[in-house]
Amino acid sequence: MLHPFKAVSLSFKKAPLEIRELISLDEAACRRFLHALHHELGLSDLLVLSTCNRTEIYYAADRDQSPAIIEALGQLKGLADMAEYFPYFDILDSYQDSVQHLFEVAMGLDAQVVGDLQISNQVKQAYQWSADADTAGPFLHRLLHTIFFTNKRVQQETRFRDGAASTSYATLELVEELTADIANPRVLVVGLGEIGADVCRHFSDSKAFTDVTLCNRTRSKAEALAAECQLSILNFEDLVQGMKEADVVISSISRDTPFFTRDMVERLEVLSYKFFVDLSVPRSIGADVENVPGVLVYNIDAIQSKASAALEQRLAAVPQVRAIIADSIAGLSDWTKEMLVSPTIQKLKNALEQIRQEEMDRFQKKMSPEEAKRVDEITKSLMQKILKQPVLQLKAACKRGEADQLIEVLTDLFDLENQPTPA
C-alpha cells in the first residue's frame, strides 16, 4: 500500500441540492470539523472541502473510517439520523481512487461546469485551513503542492483554462436566454461573495447588459466591486424597491435559511415575469417562492453547461489534462514509495555510522589530531560510497514495487531491528 489515503464525497452527481445544502459547511464549520476529526477520531492528512456542489473529506487511516466521519458530520450539522443520507456519499477507500479524485476535482474535471476556475481556489483555501489546524502531514503537503504545480502546467500547456466556462459565466448565459425578449433587461445582484463577485465581472464585460445593479449588506464591499466593474449600487435598505424594478434578481447570499421568502416576493405584486436565480448553498431563495404567480426560480442545479465555444474548447483539452494528471500522479507515487523506505535508509546510515564511530574511538588515541581529522574524512567518504549502492537499489526496487524483500535482507544483514526508528 502506497499510503492509507482515503476520501468521503458527497457531490452533485448523486446528491440533489436539498441534500447538499443540509450537509454544506462554511469556513467556521470546516475548521471545527477538522479539529474534531483530528482529535476525536485521530485522523491525519485531513482536508475538508465544502462548496455549492460538494462536501468532501480526505484523510489518512489504516481502516475505512467513512461511517464515523459521516456520523460526525451529522452531529456537526445537527442531523439526528445520518443513516438516510449514507446512499448519497461515495466512499473512496484506496490511495489510487482518492488521489485521482482530488486531482480531478482540483483541476475542474469533476465540476458541474467543466473547468470551473473557482474550485482550484477553494482547494487552496481548504488546504490553508488544514495547515492552520496542523492536520496536514508530509504526504498531504506533497500532494497539494503537486496539485498546484499540475494546475500551472494545465494553464500553461493546454487550452483547458481558456474562455469563461464557469458557474458564474453559465449564470450570465442563462440570464441572456431568459431575457432574450426583454429590451435592456434590469439585473439586480444581491450578495457579493466569490461567485456573486464573479457574476458581476461577467456582466460588466457583457455588451448585452447595461443596467446591472449591486446590493450588499456591507456597503464598502459593494462600492469596491462597483468601482472595479463600473456598475450601479443599491442601498441594502432599498432592496425591496430594487426587486420591484428588476427583471432578474440574482442571489448569492450566504446564510443558513432563505433570505427571499414567499411572503416577501408576494408583496412585490409582480405584474409580468420576474426571474430569480439562486447561486447559494444552502438556498437563499425559499423553495415556495416559485409558487408566486409570474415568478420563475432557477437554482444552482439549473445552471447547466452551455454549448459555448469556450466549453467545447475545454472539453477538447480534457485528454491533455488527464495526461498531465497521470504524469503528476506517477511522480507523486514514486515519492510516496521512497518515503516508505526512507526509515530503512536512515537506519542503515545510523548502523554504519555507529560502526565508523566505534572504530574511530578504537584508533583515535594512537593518532595525532591532524591524522584523526584525516581518517575521519576518509571514513565518512567511504561510508557514503558503501551506502550509495544499497540506497539506489532500494529506490529502484520501490519503483518496481519490490522493496519489501530488499528491506528484509538489509534489516537482517545490519540488524536494523535494533536501530532506533528515525524521528
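# Worked exercises on a predicted model

**Exercise 1.** Decide whether aspartate 45 counts as buried or exposed, then look at its backbone.

*Solution.* Keep in mind that this is a predicted model.
- Step 1: The relative accessibility of aspartate 45 is 5%. The cut-off for buried is under 20%, so aspartate 45 counts as buried.
- Step 2: Find its place in the fold. Aspartate 45 belongs to strand S2, which covers residues 44-50.
- Step 3: Check phi. For aspartate 45 phi is near 45°, a positive value in a residue that isn't glycine.

**Exercise 2.** Do the same for asparagine 184: where does it lie, and what does its accessibility make it?

*Solution.*
- Step 1: Here too phi is near 45°, positive in a residue other than glycine.
- Step 2: Asparagine 184 lies in the loop that runs between helix H7 (167-178) and strand S5 (186-190).
- Step 3: Its relative accessibility is 46%. Partly exposed falls between the 20% and 50% cut-offs, so that's the label asparagine 184 gets.

**Exercise 3.** Locate the cis peptide bond that involves proline 282.

*Solution.*
- Step 1: Look at omega. Between valine 281 and proline 282 omega is about 0°, and the peptide bond is cis.
- Step 2: Place it. Proline 282 is in the loop between strand S9 (274-278) and strand S10 (295-298).

**Exercise 4.** Classify the ring pair of tyrosine 95 and phenylalanine 139, then compare it with phenylalanine 259 and phenylalanine 260.

*Solution.*
- Step 1: Start with the whole structure, where a search turns up eight aromatic pairs.
- Step 2: The ring centres of tyrosine 95 and phenylalanine 139 are 5.9 Å apart, with the planes at 55°, so this pair is tilted.
- Step 3: Trace the chain. Tyrosine 95 sits in helix H4 (residues 95-107) and phenylalanine 139 in helix H6 (residues 138-157); the pair links distant parts of the chain, 44 residues apart.
- Step 4: Check burial. Tyrosine 95 is buried at 5% relative accessibility, and phenylalanine 139 is buried at 3%.
- Step 5: Now the other pair. Phenylalanine 259 and phenylalanine 260 have 85° between their planes and 4.9 Å from centre to centre, an edge-to-face arrangement. Phenylalanine 259 counts as buried at 14%, and phenylalanine 260 is buried with a relative accessible area of 0%.
- Step 6: Widen the view. Tyr95 and Phe139 form one aromatic cluster together with Phe5 and Tyr58.

**Exercise 5.** Which ring does the charged end of lysine 124 sit over?

*Solution.* Take the lysine's charged end and look for a ring beneath: the ring is that of phenylalanine 148, with its centre 5.6 Å away.

**Exercise 6.** Work out the strand order of the six-stranded open sheet, and name its edge strands.

*Solution.*
- Step 1: The order reads S7-S6-S5-S8-S9-S10, with parallel pairing.
- Step 2: S7 (232-233) and S10 each pair on one side only, which makes them the edge strands.
- Step 3: Zoom in on one pairing. S5 and strand S6 (residues 211-215) run parallel and are joined by five bridges. Within this pairing, valine 187 stands opposite valine 212 in S6.

**Exercise 7.** Divide the chain into domains and see what UniProt places at residues 8-158.

*Solution.*
- Step 1: There's domain 1 (5-163), domain 2 (167-298) and domain 3 (336-418).
- Step 2: Between the C-alpha centres of domain 1 and domain 3 the distance is 41 Å.
- Step 3: In an unreviewed entry, UniProt puts "domain: Glutamyl-tRNA reductase N-terminal" at residues 8-158. Over residues 8-158 the chain is 54% helix and 15% strand, with 30 Å between the end C-alpha atoms.

Notes
Residues numbered from 1 in each chain as written. Predicted model: local features only at pLDDT ≥ 70, side-chain atom pairs only at ≥ 80, totals over all residues. Heavy atoms only, no water. Helix = DSSP H or I, 4+ residues; strand = E, 2+ residues; numbered from the N terminus. Buried < 20%, exposed > 50% of the residue type's maximum accessible area, 1.4 Å probe, protein only. Domains from an automatic or database assignment. UniProt positions renumbered as here; feature names shortened; annotations may be inferred. Phe/Tyr/Trp six-rings, centres within 6.5 Å; stacked < 30°, edge-to-face > 60°. Lys NZ or Arg CZ within 6 Å of the ring centre and 35° of its normal. Pairing = 2+ DSSP bridges.
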